[in-house]
Amino acid sequence: MDPRLEQILNLLLESERAGVLALEELAGEVEQGELRRFLQGSRQEEMRNVSDLAALISRNGGTPSQKTGPFAAKVAALPTVRERLALLARGQEWVARKTEEALAIAPKSGPIHDYLAAMANRHRAEVEWGRAEVIRLLPPEN
Ligand SMILES: [Fe+2]
């Protein structure tokens, strides 16, 4: 596997793994049941991405990273649930951009291309959906 592609796929893997942790911690803290279920659903999605990315890397001759990215600690360092949710949405946006970068260096067709294209779509949708849910579910600030 192209080492640059392996590196960026592993960066995505480490980031999704950090996302699982961040969502787990946050879901344990929010009081609204509906918001908590939303976060738990996102966490399931991130867990699927972790196992799918690891399988994709090893099936194509790479070595999946065992590390976890620094994102969860950054989320946990913020004082309010609102700020943490906002950082989560920015994190999904960052992953969507990194996925586009990975797509640009991936083969133009085949399983890696198809997986990354679907992952980019999901993350763009999650950014918007996440922001929309926060508007609906969090009480007004003041
Ligand atoms: Fe993600």
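A residue is counted here as buried if 20 or more other C-beta atoms lie within 10 Å of its own, as exposed if 12 or fewer do, and as partly exposed in between. By that criterion, 31% of the 142 residues of the chain are buried. The structure is a predicted model, and the chain averages a pLDDT of 92, with 99% of the residues scoring at least 70. Confidence is highest in α1, at a mean of 96, and lowest in α5, at 89.

**Overall architecture**

The chain has 5 helices and 0 strands, so that, read from the N terminus, its elements follow the order α-α-α-α-α. Its radius of gyration is 16 Å, close to the 14 Å that the globule rule gives for 142 residues, and the chain is therefore as compact as a globular protein of that length. Taken along the principal axes, the C-alpha atoms fill a box of roughly 50 × 25 × 20 Å. Among contacts between residues at least 6 apart in sequence, 73% join residues at least 24 apart.

**Helix dimensions**

Three of the helices are set out below with the distance between their end C-alpha atoms and the span expected at 1.5 Å a residue.

| Helix | Residues in helix | End-to-end C-alpha distance | Expected span |
|---|---|---|---|
| α2 | 27 residues | 39 Å | 39 Å |
| α4 | 25 residues | 36 Å | 36 Å |
| α5 | 27 residues | 37 Å | 39 Å |

For α4 the end-to-end distance agrees with the expected span, and for α5 the 37 Å reached is close to the 39 Å expected. Helix α2 is followed by G61, whose phi is positive, near 90 degrees.

**The nonpolar core**

In soluble globular proteins, nonpolar side chains tend to be buried together. In this model the largest nonpolar core has 28 residues, and those with the most contacts inside it are L9, L12, L13, A22 and L53. At least two residues of this core come from each of α1 (3–27), α2 (33–59), α3 (71–76), α4 (81–105) and α5 (111–137), with α1 giving the most, 9 residues.

Two of the residues with the most contacts inside the core can be followed through their partners. Once neighbours within four places in sequence are left aside, L9 is in contact with L53, L56, I57, G62 and A102. L12, which lies in helix α1, touches L53, V95, K98, T99 and A102 when residues up to four places away in sequence are not counted. With 25 other C-beta atoms within 10 Å, where 20 or more are required, L12 is buried. L12 also lies 9.9 Å from S65, C-alpha to C-alpha, although these two residues are 53 residues apart in sequence.

**How the helices cover one another**

The buried residues of α2 are F38, L39, S42, E46, N49, V50, L53, A54, L56 and I57, and they pack against α1 and α5. In α4 the buried residues are R84, L85, L88, G91, Q92, V95, T99 and A102, and these pack against α1, α3 and α5. The buried residues of α5 include I112, Y115, L116, M119, H123, E126 and G130, and among the elements that cover the buried residues of α5 are α2 and α4.

**Partly exposed positions**

H113 and Q40 illustrate the intermediate class of exposure. H113 lies in helix α5 and is partly exposed, because 14 other C-beta atoms lie within 10 Å, a count between the cut-offs of 12 and 20. Leaving aside neighbours within four places in sequence, H113 is in contact with L103, A106, P107 and K108. H113 and S58 are 55 residues apart in sequence, and their C-alpha atoms are 15 Å apart in space.

Q40 is found in helix α2 and is likewise partly exposed, with 15 other C-beta atoms within 10 Å. The C-alpha atoms of Q40 and M119, which are 79 residues apart along the chain, are separated by 18 Å. M119 itself is among the buried residues of α5, whereas Q40 in α2 is partly exposed.

Conventions: Residues are numbered from 1 along each chain as its sequence is written. This is a predicted model: local features need pLDDT of at least 70, side-chain atom pairs count only at pLDDT 80 or more; totals for chains, interfaces and linings use all residues. A nonpolar core is a set of buried Ala, Val, Leu, Ile, Met, Phe, Trp, Tyr and Cys residues joined through C-beta atoms within 7 Å. Helices (H or I, at least four residues) and strands (E, at least two) are DSSP runs, numbered from the N terminus. Two residues are in contact if their C-beta atoms, placed from the backbone, lie within 7 Å. pLDDT is the predictor's confidence in each residue, from 0 to 100. The radius of gyration is taken over C-alpha atoms; the globule rule is 2.2 Å times the number of residues to the power 0.38. The expected span of a helix is 1.5 Å times one less than its number of residues.
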